[in-house]
2 protein chains.
Amino acid sequence: MNEQQWLKELLQRNGEDVKLSEKQIKILQAAIEMFAEKGYAATSTSEIAKRAGVAEGTIFRHYKTKKDLLLAIVTPTLFKSVAPFLAKEFVKEVFESQYQSYEDFIRALLRNRYQFVKKYLPAIRVFWQEIAFHAEIKEQFQRIFTTHVYQKFKQIVEHFQEKGELTAIPVDSVIRMTITTIAGFLLTRFIVLPDYDWDDEAEMERTVQFLMHGLSKKDGWFA
Amino acid sequence: MNEQQWLKELLQRNGEDVKLSEKQIKILQAAIEMFAEKGYAATSTSEIAKRAGVAEGTIFRHYKTKKDLLLAIVTPTLFKSVAPFLAKEFVKEVFESQYQSYEDFIRALLRNRYQFVKKYLPAIRVFWQEIAFHAEIKEQFQRIFTTHVYQKFKQIVEHFQEKGELTAIPVDSVIRMTITTIAGFLLTRFIVLPDYDWDDEAEMERTVQFLMHGLSKKDGWFA
DNA sequence: AATATAAGTGAGTAATCACTCATTATAGAG
DNA sequence: CTCTATAATGAGTGATTACTCACTTATATT
């Protein structure tokens, strides 16, 4: 894919393109690369300017502070990270037609998030590395998660529990196990062992099976 | 527990105590706290000195550079993180007497690592936050993991696969799923949602059951 | 072509950085 | 007590930091 295309896609919201000058794109690219490698605090604005091929003053013309530049990267990444759950009709679609089972839903979600991480990896690195250090980012994430992701996830899990597909353990536990299993795969695949000889299709299907065997209603499960 | 005791326990290796002056303990405590909160790069040595109640020069008398101070925290934490796997007789013990099943082994491991994280949380935060930014730490971790943890984990998993308790999916996948499930619980419990109303005993048992249902040999599993 | 607006520049600034070192305080040995 | 060694200090160092601003260049509008 075009080097600039993925950045523009990352930054767009509600389908509306953001206008970016050439230099602005260069700045964002350089910043993402360097923040991902060395971290926000260890990267100086002069280094970013150098790698972007612009004067240091240019950065501050577009972003009032260095932290504004970080947020310009991190905020869109946060929204894209939970994108499937932001759609209004999402839950309804899961219930009504799209997915016959929790397994189908999980499989689709895993594949979808796999493609997402593959595409935007550097920006995602920055997001997850910096969330530990910046209260604003953490609060924004918690707000989005509780109001959008958690609410909808809960409805979906309860739906499939009532249908008898999932065990009757607490919804929160099901959500936690689902998310940590999916995130655990993606983290191992792209961050911890990116050079391992992965058979992605097979490993994703194994992950789905692992999750479903772990969560399906069956004898022997107790809450 | 004594505020200084846990630090001394963290730093000791092979059961040998390390000699630490009062000021040195204060420095390490301050550094761990601040690195955990703001990150290594965003914490200045003058701030550490201030919080520790020592002169800035005192830090450099004990640690040649700021990075040496970081490594003095991170290296012992790394070793303690994988401590169960460093014992020579570990695999033999698992096979012979201690644990009759993979489930028993996993339950013991989870409880053990739960106590570990609870005890040394701030130092663990520093370790995991900084491993992304420092090649030395990452390399050290990979070396320890492949030579000690992975090798032994593999033997254990193969053992219980041969006994017919675990599915015949690739060993690496079993290890990955086991570790991400355990780490996923601990991460959620202590880092992501520490203020959630946890029933630790129940959630740990649920996690063990989830893992075992996900990994047990049964009809329907395919590799 | 004239004008207005925005984009880009880079030398300059005060603050802060990790680290040094000459000096002083402390403590145990004889 | 004196002597010696180590621990601790904090003012001082040059380098680097995020950010500013007077100025130049490019683009758009009339």
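## Salt bridges in the predicted model

The structure holds 24 salt bridges over all chains, a salt bridge being a side-chain nitrogen of Lys or Arg within 4 Å of a carboxyl oxygen of Asp or Glu. Side chains of opposite charge can pair when their charged atoms come close. This is a predicted model, in which local features need pLDDT of at least 70 and side-chain atom pairs count only at pLDDT 80 or more, while totals for chains, interfaces and linings use all residues. Residues are numbered from 1 along each chain as its sequence is written, chains are lettered from A and ligands numbered from 1 in the order in which they are written, and side-chain values use heavy atoms, with hydrogens and water left out.

## Chain A as a whole

Chain A contains eleven helices and zero strands; helices (H or I, at least four residues) and strands (E, at least two) are DSSP runs, numbered from the N terminus. The C-alpha trace of chain A spans about 65 × 40 × 30 Å along its principal axes.

Of the 223 residues of chain A, 50% count as buried. Buried means under 20% relative accessible area, exposed over 50%, and partly exposed in between, with a 1.4 Å probe and protein chains only.

## Individual salt bridges

In chain A, A:D104 and A:R107 join their side chains in a salt bridge with an N to O distance of 3.5 Å. These two residues are separated by about one helical turn, because they are three residues apart in helix 8 (residues 102-130) of chain A. A:D104 is partly exposed, with a relative accessible area of 28%. A network of salt bridges links A:E103, A:D104, A:R107 and A:E205. Another salt bridge joins the side chains of A:E89 and A:K92 at 3.9 Å, N to O. A:E89 is partly exposed at a relative accessible area of 43%, and A:K92 is also partly exposed, at 45% relative accessibility.

In chain B, the side chains of B:D200 and B:R189 form a salt bridge of 2.7 Å, N to O. B:D200 lies in helix 11 (residues 200-215) of chain B and B:R189 in helix 10 (residues 171-192) of chain B, so the pair ties together parts that are eleven residues apart in sequence. B:D200 is buried, with a relative accessible area of 15%, and B:R189 is buried at 12% relative accessibility.

## Surroundings of DNA strand C

There are 17 residues around DNA strand C, of which A:K23, A:T58, A:R61, A:H62 and B:K66 come nearest; a residue is near a molecule or strand if one of its heavy atoms lies within 4 Å of it. Sugar and phosphate account for 57% of the atoms of DNA strand C that come within 4 Å of the protein. By class, this surface has three nonpolar, nine polar and five charged residues. Here Ala, Val, Leu, Ile, Met, Phe, Trp, Tyr, Cys and Pro count as nonpolar, Asp, Glu, Lys and Arg as charged, and the others, Gly among them, as polar.

An N or O atom in the side chain of A:H62 is 2.7 Å from a phosphate oxygen of DNA strand C. From chain B, a polar backbone atom of B:T45 is 2.9 Å from a phosphate oxygen of this strand, and a backbone N or O atom of B:T43 lies 3.4 Å from one. Helix 4 of chain A, together with helix 3 (45-52) and helix 4 of chain B, are the elements that give two or more residues to the surface near DNA strand C. The largest share, four residues, comes from helix 4 of chain A.

## Surroundings of DNA strand D

Of the 16 residues around DNA strand D, A:T45, A:K66, B:K23, B:T58 and B:H62 come nearest. Sugar and phosphate make up 61% of the atoms of DNA strand D that come within 4 Å of the protein. The surface near this strand has three nonpolar, eight polar and five charged residues.

A polar backbone atom of A:K66 is 2.6 Å from a phosphate oxygen of DNA strand D, and a polar side-chain atom of B:H62 lies 2.8 Å from a phosphate oxygen of this strand. The elements that give two or more residues to the surface near DNA strand D are helix 3 (45-52) and helix 4 (56-62) of chain A, together with helix 4 (56-62) of chain B. Helix 4 of chain B provides the largest share, four residues.

Terms used: Polar contact = N/O pair within 3.5 Å; in protein donor to acceptor, adjacent residues only side chain to side chain.
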